[in-house]
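Work through the exercises below with the sequence and the 3D view open. Try each task before reading its solution.

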Amino acid sequence: MQRKLTAILSADVVGYSGMMEADEAGTLERLKANRTRIFDPRVAIHGGRQFKLMGDGALVEFSSVIAAVQCALEIQEATEKAQGDAAKPIRYRIGINLGEVIVEGDDIYGEGVNVAARIQALAPIGGVAIARIVRDQVDGKGPFAFDDMGEHTVKNIERPVHVFSVRLAAPNDAVERKADAPGKLSICVLPFANMSGDAEQEYFSDGISEDIITDLSKVSALRVISRNTAFTFKGKHVDMPQVARQLKVTHILEGSVRKSGGRVRITAQLIDGAADGHVWAERYDRDLNDIFALQDEISQAIVAALKLKLLPEEKKAIEHRGTDNVEAYNLYLMARQYSVIASLGDARMAESIMRLCRRAIEIDPNYARAWALIAVTQVNLRFYMGLESKDGLEEAERAIALDPNLAEAHAAKAVVLTFNAQHDAAIVEIEKALRLDPESYEVNKAAARLYYTMRNHEAAILHFEKAASAMDTDYWASGMLNHCYTQSGDPEAARRAAERTLARTEKIMAQDPNNGSAMGFAIDALSKLGQGERAKNLMNRALLLDPGNMNLRYNMACTLIVDLHDVDAALDLLEPLYREVSRPLLNWSASDADLDSIRNHPRYIAMVAAAEARLSKDA
């Protein structure tokens with residue numbers, strides 16, 4: 001039995017089964033033309049060998065990892081250019097892995113091949129996804145730019161797979177710091193454990209972890225692993241040397257937070273990733289009002305332990321936290337956590353978030369992050385409940401005026417503009433926000449909302465995935481992925497998103513059985529997983545518990561239309577909603593692909609006409 005290390009490229013045609021069902025002859029003709037003119041010639045040019053050809057995909061081996069990546073990018077670029085105005089274009093997902101394989105005759109088997117296929121399923125439509133080992137091999141050796149897609153647990157593979165998407169670098173792409181540059185120190189800040197004995201204090205320990213990651217990211221001599229990647233290890237037993245090798249970091253920081261009354265205890269230890277030994281450790285017992293000074297001490301102690309020089313402007317940047325008031329900071333963190341897990345159709349919860357933020361800005365009127373969250377919450381109150389007279393624009397612009405470099409402020413303005421159907425202006429703000437903080441949960445959530453409204457499902461998927469990975473308590477971004485993947489014709493990816501959504505919503509419903517939004521997304525997930533009876537039972541329960549929740553009604557109607565194919569029941573749910581629908585929700589529904597099949601239904605036409613008449617009269 002021969003074994004060897006090789007680069008495996010796995011390619012698959014998106015939506016092949018549906019295209020074959022609709023137009024078998026035309027699909028085969030387009031696919032054959034693509035392979036003859038684009039796919040096969042580029043494989044040959046780059047020295048690849050196709051060892052398995054399926055109706056809708058291929059497996060190719062390369063002796064060079066760089067050749068495999070270059071080939072994949074050229075295939076995708078040429079395929080996209082060749083589409084023209086095709087109604088049913090050929091588009092690939094491509095995944096690349098570097099691994100040991102078993103050779104038998106002309107065929108290849110083994111985990112290296114299986115992982116490539118799993119990575120391919122995670123790739124964006126028309127895009128290329130690669131394993132971390134591939135990214136490490138090609139980084140700096142070509143004009144490539146990478147987006148961290150985080151770790152994924154995939155079928156029949158025991159260890160999580162860390163995946164990146166790769167594209168040709170544009171002239172204005174920031175040059176990524178080299179992970180393996182000589183003498184370059186790097187660190188992963190693991191999420192600090194909440195030792196307070198109160199699960200509701202999780203927001204505080206997570207906030208401390210995020211702030212330390214942000215502080216260390218300001219040190220130019222240090223490469224810091226993103227929050228998205230670091231938080232994939234939350235709540236897990238960690239083998240330090242293994243994580244250091246996996247992430248290619250020299251050091252790992254771990255710790256814990258215990259908050260009780262007006263006191264806080266933080267323990268932290270810096271570990272050498274290779275030697276698995278302690279470089280520095282400390283325990284701090286302080287008054288809660290000293291938390292900012294304490295965070296500064298920890299960051300500066302790490303810099304000192306690593307024997308790095310902290311530049312004056314870096315020290316100043318670390319000490320800038322948006323507020324100097326601990327109470328305002330704590331109120332904001334609490335409001336932010338509620339905004340992630342709350343039922344979107346629950347006016348009382350939205351008002352609670354508003355009260356927390358308003359109290360924060362009473363304490364510190366210059367706290368930009370609190371102003372940004374107020375703006376987004378006002379949008380939600382108008383969108384889901386039609387209760388807030390202000391649209392949030394003034395508050396978003398106040399946040400930007402206070403801190404022009406705050407990514408969440410520009411994201412908040414983008415959300416306001418999105419729901420006012422001002423898409424071009426929203427794109428400008430989203431691009432600013434992404435430049436400032438491409439890993440931010442709030443920024444990616446806002447970007448996904450915008451692109452979903454514009455029916456750009458491929459872009460929406462990228463940002464929903466990043467948002468869902470950034471916040472493990474989030475169910476909304478994860479749930480919206482079910483819809484995006486369904487609309488993009490990828491049932492396997494929709495199934496994976498549904499499994500994650502169901503796990504998250506079940507956890508939330510266990511803590512808050514009346515959370516209508518979580519129930520709505522759980523119903524959708526169950527439907528996509530083929531559990532129609534469970535979905536219907538939960539639907540009946542949800543309507544009893546939260547009948548006035550517009551978000552719940554809307555999402556259940558979409559599920560009935562797309563997955564359960566019960567249009568009459570969907571219209572029954574939508575009728576009372578459209579009698580009260582807000583202008584932003586009506587704008588959203590006008591662009592939501594889930595409703596396309598009922599747009600010409602007489603009942604739906606009448607609902608929309610009545611809503612338009614009412615809103616025009618009230619304007």
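**Exercise 1. Is E395 buried or exposed, and which residues does E395 touch?**

Solution. This is a predicted model.
Step 1: read the accessibility. The relative accessibility of E395 is 5%. The cut-off for buried is under 20%, so E395 counts as buried.
Step 2: place the residue. E395 sits in helix α14, which covers residues 393-402.
Step 3: list the contacts. Leaving out residues up to four places away in sequence, E395 touches W371, I374, A375, Q378 and K390.

**Exercise 2. Describe the surroundings of F464 and of E465 in helix α18.**

Solution.
Step 1: find the helix. Helix α18 spans residues 457-470 and holds E465; F464 is found in α18 as well.
Step 2: check burial. F464 has a relative accessible area of 0% and is buried. E465, at 16%, also counts as buried.
Step 3: compile the contacts, without residues up to four places away in sequence. F464 touches A448, R449, Y452, W476, A477, M480, L481 and C484. E465 is in contact with L481, Y485 and R500. L481 appears in both lists.
Step 4: compare sequence and space for one pair. F464 and F521 are 57 residues apart in sequence, and their C-alpha atoms are 15 Å apart.

**Exercise 3. How many salt bridges does the structure hold, and which parts does the pair K52 and D107 tie together?**

Solution.
Step 1: take the total. There are 36 salt bridges in the structure.
Step 2: examine the pair. K52 and D107 form a salt bridge whose closest N and O atoms are 3.9 Å apart; the cut-off is within 4 Å.
Step 3: locate both ends. K52 lies in strand β2 (residues 49-54) and D107 in strand β5 (residues 107-109), so the bridge ties together parts that are 55 residues apart in sequence.
Step 4: add accessibility. K52 is partly exposed at 31%, whereas D107 is buried at 18%.

**Exercise 4. Analyse two further salt bridges, E297 with R286 and R534 with E506.**

Solution.
Step 1: E297 and R286 form a salt bridge, with closest N and O atoms 3.0 Å apart. E297 belongs to helix α9 (residues 291-305) and R286 to strand β14 (residues 277-287), so the pair joins parts 11 residues apart in sequence. E297 is partly exposed at 34%, and R286 counts as partly exposed at 22%.
Step 2: R534 and E506 meet in a salt bridge at 3.4 Å, N to O. The pair links helix α22 (residues 532-545), which holds R534, to helix α20 (residues 491-511), which holds E506; the two residues are 28 places apart. Both count as partly exposed, R534 at 41% and E506 at 36%.
Step 3: look for a network. Salt bridges link E202, D206, K234 and D472.

**Exercise 5. Where in the chain is confidence lowest and highest among the named helices, and where does pLDDT stay under 50?**

Solution.
Step 1: start with the whole chain. The average pLDDT is 86, and 95% of the residues score at least 70.
Step 2: turn to the helices. Confidence is lowest in helix α10 (residues 312-319), with a mean of 73, and highest in α14, at 96.
Step 3: find the weak stretch. Over residues 172-182 pLDDT stays under 50, and the model has 21 contacts beyond four places in sequence for them.
Step 4: draw the conclusion. Predicted coordinates should not be read in detail where pLDDT is low.

How values were computed: Residues are numbered from 1 along each chain as its sequence is written. This is a predicted model: local features need pLDDT of at least 70, side-chain atom pairs count only at pLDDT 80 or more; totals for chains, interfaces and linings use all residues. Side-chain values use heavy atoms; hydrogens and water are left out. Helices (H or I, at least four residues) and strands (E, at least two) are DSSP runs, numbered from the N terminus. Buried means under 20% relative accessible area, exposed over 50%, partly exposed in between (1.4 Å probe, protein chains only). Contact means heavy atoms within 4.5 Å. A salt bridge is a side-chain nitrogen of Lys or Arg within 4 Å of a carboxyl oxygen of Asp or Glu. pLDDT is the predictor's confidence in each residue, from 0 to 100.
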